[in-house]
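Hi,

Here is the structure I promised to pass on. Have a look at it first, and my notes follow underneath.

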Amino acid sequence: MSTPAPALVPAPALAPAVVVTGTGMITPVGTDTDSTWDAIRRGASDAGLAPAPGVSRDLQCRTVAPFGAELLPGRGTANLDPFIRFALVAADQAIAEAGLDPAAWDGSRVGIVVGCGLGGAATLSTAHDRLAERGPDAVSPYVHPRSLINMAAGMLAIRHHVTGPSHTVVAACASGAVAVGVGRDLIRSGACDLVIAVGTDAGVVPVIAAGFAAMGALTDSAADDASRPFAADRSGFVLSEGAAALVLEREDAARERGATPQGRILGYAFTTDAHHPVAPHPEAVGAEAAVRAALADAGLTPADVDHVNAHGTSTPYNDRSEGKLINRLFPHRPSVTANKGLLGHSLGAAGAIEAVLTLRTLATGIVPPTAHTPAVDPELAGLDLVTDKERHQNPAVAVSHSFGFGGSNCVLVMGT
């Protein structure tokens with residue numbers, strides 16, 4: 001079942017081109033973009049997996065290594081919820097890489113968009129335990145400042161003197177990608193000259209892990225290669241955490257100040273399945289509509305796509321519907337990779353992390369392998385999934401898929 005393509009309408013002639021001038025990242029396999037990209041290219045990491053909290057089975061998860069002032073200086077930052085700390089680290093890196101000085105910019109023309117699925121789950125879980133064990137007097141007055149889902153954006157604004165629009169978008173596992181798209185639109189609308197777009201989540205918390213386990217979303221494998229996107233024996237995802245940030249600017253302004261663009265955000269679209277609370281549409285109807293709309297937004301067609309960074313969760317249903325979509329929509333067989341084979345599923349952070357990694361593919365001409373997947377599920381034969389080792393390809397146009405509970409479908413189109 002295929003969704004009719006929307007009319008091909010090029011981006012408005014007066015809309016400014018939007019480029020990425022800085023990125024930052026903290027993941028279970030790296031403390032910044034370079035180290036994470038290196039691990040993704042190798043399809044392996046020295047960082048081991050950890051036992052998933054809150055589940056009785058011997059399942060694994062991926063966690064960010066403990067860090068302190070070496071990555072996040074500043075008074076009081078050590079006590080923030082991890083989802084805020086991750087966002088601050090990634091944004092600090094992205095701003096520095098873009099060559100920007102927050103003390104010198106006009107904060108009223110800078111925007112922040114943070115995508116997050118859960119907010120301060122660790123803070124709330126700890127507070128609930130204290131309330132149950134010791135009563136209300138044991139609950140910290142900092143519970144809400146550390147747990148409210150918009151507080152990552154709020155703390156970013158305080159830290160970097162941003163007084164323009166500050167948004168928090170919640171679209172489950174598509175949240176990080178939506179943040180990039182909304183940030184792009186803020187610049188195109190003229191509301192901002194520059195946007196810091198962030199995806200962050202810290203869901204390796206007992207109640208979160210137990211909930212995913214109860215619904216059968218987590219893999220039933222305890223092996224280090226438990227996350228196997230598009231493999232025939234995939235059984236679920238590996239819970240993870242982290243953050244990524246992108247500095248978005250008007251291309252003319254970036255070049256005027258001497259910045260070197262890392263890539264362009266050409267298209268963005270968001271659709272909703274209206275099908276099921278958590279299961280993707282089996283024929284990926286809403287996802288296909290999002291891909292077609294994002295390409296139309298970029299003034300492109302499916303035939304222009306050289307590379308796909310897949311959502312690729314390693315769950316039976318998601319990978320099946322997404323794989324069918326890719327084969328149906330891109331019969332010319334663009335290369336495909338799925339970063340969650342190594343990274344696990346960082347929920348609301350995943351879309352931003354994968355957007356940054358897609359930009360690295362465009363900038364370097366290297367398509368990284370899908371870790372832990374030796375071969376594609378025969379049911380999805382035809383999918384040109386890069387496995388075993390990186391491929392040198394030099395793609396010019398790539399799409400990145402991000403899907404989530406509630407039927408969320410977000411697609412970003414990026415180019416060199």
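Before the notes, one term: when I say that a helix lies across strands, I am going by contact, which means heavy atoms within 4.5 Å. Also keep in mind that this is a predicted model.

Let's start with the sheet. It is open and built from 10 strands, in the order 5-4-6-7-1-8-14-13-9-10, with mixed pairing. Strand 5 (166-169) and strand 10 (335-337) sit at the edges, each pairing on one side only. On average, neighbouring strands are turned by 25° against each other, ignoring direction. At the strand 5 edge, strand 4 (residues 110-115) runs parallel to strand 5, and four bridges join the two. If you want a spot to zoom in on, V113 has H167 in strand 5 as its bridge partner.

Now the helices. Helix 6 (residues 175-189) lies across strands 1, 4, 5, 6, 7, 8, 13 and 14, and runs at about 115° to strand 8. Helix 9 (residues 285-298) lies across strand 8, strand 13 and strand 14, at about 145° to strand 8.

Helix 9 also has a helix partner. Its axis and that of helix 10 (residues 316-329) come within 10 Å and cross at roughly 45°, so the two helices count as oblique to each other. The crossing is right-handed. Which residues meet there? From helix 9 they are A287, E288, V291 and R292, and from helix 10 they are L325, R328 and L329. By type, that contact has four nonpolar residues, three charged and no polar ones.

Cheers

Technical notes: Residues are numbered from 1 along each chain as its sequence is written. This is a predicted model: local features need pLDDT of at least 70, side-chain atom pairs count only at pLDDT 80 or more; totals for chains, interfaces and linings use all residues. Side-chain values use heavy atoms; hydrogens and water are left out. Two strands pair if DSSP finds at least two bridges between them. Axes are lines fitted to C-alpha atoms, for helices over the stretch in contact, and angles run from 0 to 180 degrees between N-to-C directions. Angles under 35 degrees count as roughly parallel, over 145 as roughly antiparallel, 65 to 115 as roughly perpendicular and the rest as oblique. A crossing is left-handed if the near helix is turned anticlockwise from the far one by less than a right angle, and right-handed if clockwise. Ala, Val, Leu, Ile, Met, Phe, Trp, Tyr, Cys and Pro count as nonpolar, Asp, Glu, Lys and Arg as charged, and the others, Gly among them, as polar.
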